[in-house]
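Trainee: I would like a close look at a single part of this model, taken slowly and with the terms spelled out. Please begin with one pair of side chains and work outwards from there.

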Amino acid sequence: MQIDLSSALAFLDRIWNAGADGIIGTVAVAIATLAWRKLKSVSLSSSTWVIARFRRRAGSKQSLARGVRLRELRFLRTYRFDEAWIAREVSRGHTSQIIFLLWFGFWILAAGLKNVVTVSDHPLSASPVAMLLGACPMYVFEVLWIYHSSAASKVIKHRQKVKIWRYHR
């Protein structure tokens, strides 16, 4: 089997480019590993500081839990009979869900057609970063969907528990 000069040069070029990608990937992983270790050490030191601070104050865990519960109850009390707010939150949740599902469908379609869809005159398969960046809005709308739906469901569930006593005289 004979190999001509152009095929050999193309093969060497492919090896060179793949090698450069491998080196860049290795450097990126090394930097990410170092950053992760630094963040881990900072988070561990800050968490020990928080734990030490809570241990110094008596009953602070209970007061923190009571504060979170009080904030939630104030939120529920503020919006439990506000029909417009509840309808708006349900609407926001449904809108975010629809946008999330549409974006997911478009993203799956683009992933399936990654050799056909082009980004700046290159196929989408040549740019995995573009694929990841294209998925980011999908996750944003998913979080918004969960946030708005859970807020509305909390208020509706609490509203069903509330009894209104009216005295007739």
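Mentor: E89 forms a salt bridge with R92, the closest N and O atoms being 2.9 Å apart; the term stands for a side-chain nitrogen of Lys or Arg within 4 Å of a carboxyl oxygen of Asp or Glu. Before going further, note that this is a predicted model, in which local features need pLDDT of at least 70 and side-chain atom pairs count only at pLDDT 80 or more, while totals for chains, interfaces and linings use all residues. Residues are numbered from 1 along each chain as its sequence is written, and side-chain values use heavy atoms, with hydrogens and water left out.

E89 and R92 are three residues apart in helix α3, and so are separated by about one helical turn; helices here are DSSP runs of H or I with at least four residues, strands are runs of E with at least two, and both are numbered from the N terminus. An α-helix has 3.6 residues a turn, so residues three or four places apart point the same way. E89 is buried, with a relative accessible area of 4%, whereas R92 is partly exposed at 39%; buried means under 20% relative accessible area, exposed over 50%, and partly exposed in between, with a 1.4 Å probe and protein chains only.

Both residues also meet a partner in helix α4: H148, which lies in that helix (residues 128–161), is in contact with E89, R92, G93 and S96, leaving aside its neighbours within four places in sequence, where contact means heavy atoms within 4.5 Å. At 11% relative accessibility H148 counts as buried, and the buried residues of α4 also include M138, A151, A152 and V155. The next residue to consider is S149, also in α4, which is partly exposed because its relative accessible area is 30%; S149 and V90 are 59 residues apart in sequence, yet 6.2 Å apart in space, C-alpha to C-alpha.

Further links join the two helices. The side chains of E83 and R159 meet in a salt bridge of 2.3 Å, N to O; E83 lies in helix α3 and R159 in helix α4, so the pair ties together parts that are 76 residues apart in sequence. E83 is partly exposed, with a relative accessible area of 47%, and R159 is partly exposed as well, at 26%.

The largest nonpolar core, meaning a set of buried Ala, Val, Leu, Ile, Met, Phe, Trp, Tyr and Cys residues joined through side-chain atoms within 4.5 Å, has five residues, L76, W85, I86, A151 and V155, and the elements that give two or more residues to this core are α3 and α4. V155 touches F75, L76, Y79, R80, W85 and I86, not counting residues up to four places away in sequence.

As for the setting, the chain has four helices and two strands, which follow the pattern α-α-α-β-β-α along the sequence. Buried residues make up 11% of the 169 residues in the chain, and residues 24 or more positions apart account for 71% of the contacts with a separation of 6 or more. The count of salt bridges comes to three; besides the two described, E72 and R69 meet at 3.9 Å, N to O, and both lie in helix α2 (residues 60–79).
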